[in-house]
Amino acid sequence: MAKIIVVTSGKGGVGKTTTSAAISSGIAMRGHKTVVIDFDIGLRNLDIIMNCERRVVYDFVNVINGEANLRQALIKDKRAENLYILPASQTRDKDALTVEGVERILNELAADGFEYIICDSPAGIEHGAFMAMYFADLAIVVANPEVSSVRDSDRILGILQSKSRRAEKGERVEECLLLTRYNPERVAKGEMLGVTDVEEILATKLLGVIPESETVLKASNQGIPVIHDTESPAGQAYSDAVSRLLGEEVEHRFMSVEQKGLFQRLFRRSA
Amino acid sequence: MPLLKSVDSKSSAASVAFRLKGGLFPLTLLEIAHYNCAEFEQQLQSKAAEAPVFFQQTPVVLSFEEFNGDIGALPLSELVAICKSHGLLPVALRNSNTALQAQAKLLDLAIMPVGRVKAAPEEQAPVAEEAPQTAVPVTEQPAEFSHSPSRIVTTPIRSGQQVYAPGGDLIIMASVSAGAEVLADGNIHIYGALRGRALAGVRGDTSARIFCQSLEAELVSIAGNFKVDEDLRNNHWKAAVQASLDEQTLYITPLV
């Protein structure tokens, strides 16, 4: 049975699409047949980050409306063997998504042998975001270490546990927190919320902490999901998160200020 | 829900002469079965002798539901005078006819809607001056505050969510997030941090309390008397506390 994972946040610009691209690539690279769906109808970005923008012929809405079949719309990723992308429509509006239509496509994907279905949610708490989360078994809530983002994530968690299909059946959606753009130095200075603060406020399981890194922006501009950059801390942190998602026990990294070099320590002592 | 009133808001204390507030007070009904001046006075006198503590300017509502006889011919002013001379203070009329209501108007008595005891506090408002609240027998709690099931919530209350326990206590075995609201007719127990809004005794129960493991609230209110974040921050912030009401003042006291 396919596991449906929604990547959501409430607030925009916190790294949902970056995370969707990285996590779906990571799961596929571990040998699981995976599809990532862009639910951001009208503002599609996932295809750009996955560098398949020019290969989009049919999209999610075409499939829902029966104008194309799934096989025509799915784009095979060039880097990860088992990964497929279902792009959003740039020309429709979000009302094109219907509960019945989305359900039919998720069922078709599951029947097609996909093990993981990643739903990249648009920002906000309106129809598009609601459609992305409605069928989820697990939610990855992406938050930045700042008060407004954490507050919006809290709101999303509330909606998730009250409005989703699982909630309607009296079940709970599994939830986990991914903290992105984390800068331990700024946390130490008190300019940023720390991991423990965020964990305490949201009272939910921590999936991972992605350190703030230039490589993230570079990767997204180049259209290479950052998880492929195995040298960068951000790529490594996403890789750890994927391991945890697949049930492995991996210790959290990149949460504290790195040890200063010998020279810096000597300099500090003499100053 | 009763109106909210800030306990120590500086601006309102200086400029606002009064404010209207909802309240729920138990009132005694004086059911008149039939009326004969001498007989009524004699029976009332013996009743007063039995329970002198009760007959001290006690507000009562005159009810004529069971009345036998010509209700229009009833000398209301005489009846009211006898009541007053024996320590009962008629404040309103119930189940009366139009002739009696005209008399009541002359006597400054309120008219209660038929058979709805719950509407009593609002109806009492016009004559509130006549009915000193201290005389209200506090032992008679309205039925809706007792024997009601508690509501237990085991999951966190998230921003934007509202949880209400009608007629009873609300027990939350997790935190209440900023931007969330929890309400109960009775007490509220929070076995976690209270970061949102908590309103206990929303239907006027002034004996309701709020308990929490860590006070970080946006607002705490009991029976319409509230304190907001900036009033709360100075005392026992992030401590385990209870909030209780005494004489319209909201007190925050540590639990240990």
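**Salt bridges and a sheet in a predicted model**

Me: B:Arg197 is partly exposed, at a relative accessible area of 29%; which cut-offs lie behind the words buried, exposed and partly exposed?

Reply: Buried means under 20% relative accessible area, exposed over 50%, and partly exposed in between, with a 1.4 Å probe and protein chains only. This is a predicted model, in which local features need pLDDT of at least 70 and side-chain atom pairs count only at pLDDT 80 or more, while totals for chains, interfaces and linings use all residues. Residues are numbered from 1 along each chain as its sequence is written, chains are lettered from A and ligands numbered from 1 in the order in which they are written, and side-chain values use heavy atoms, without hydrogens or water.

Me: Which residue meets the side chain of B:Arg197 in a salt bridge?

Reply: A salt bridge is a side-chain nitrogen of Lys or Arg within 4 Å of a carboxyl oxygen of Asp or Glu. Here the partner of B:Arg197 is B:Glu181, at 2.7 Å from N to O. Because B:Arg197 lies in strand S11 (residues 197-200) and B:Glu181 in strand S9 (residues 181-184) of chain B, the pair ties together parts that are 16 residues apart in sequence. B:Glu181, at 16% relative accessibility, counts as buried. Helices (H or I, at least four residues) and strands (E, at least two) are DSSP runs, numbered from the N terminus.

Me: Where does the salt bridge of A:Asp154 and B:Arg158 lie?

Reply: The pair, whose closest N and O atoms are 3.0 Å apart, crosses between chains, from helix H7 (residues 147-163) of chain A to the loop between S6 and strand S7 (162-165) of chain B. Both partners count as buried, A:Asp154 at 1% relative accessibility and B:Arg158 at 3%.

Me: How many salt bridges does a search of the whole structure find?

Reply: The search finds 19 over all chains. Among them, A:Arg30 and A:Glu248 meet at 3.9 Å, N to O. A:Arg30 lies in the loop between helix H1 (16-29) and strand S2 (34-38), and A:Glu248 in the loop between helix H12 (233-245) and helix H13 (262-270), so this pair in chain A ties together parts 218 residues apart in sequence. A:Arg30 is partly exposed at 33%, as is A:Glu248 at 43%.

Me: In what order do the six strands of the open sheet in chain B run?

Reply: Two strands pair if DSSP finds at least two bridges between them. The order is S6-S8-S10-S12-S15-S16, with mixed pairing, and the edge strands, S6 (151-153) and S16 (249-254), each pair on one side only. S6(B) pairs with strand S8 (residues 170-172) in the parallel sense over three bridges, and B:Ile152 has B:Ile171 in S8(B) as its bridge partner.
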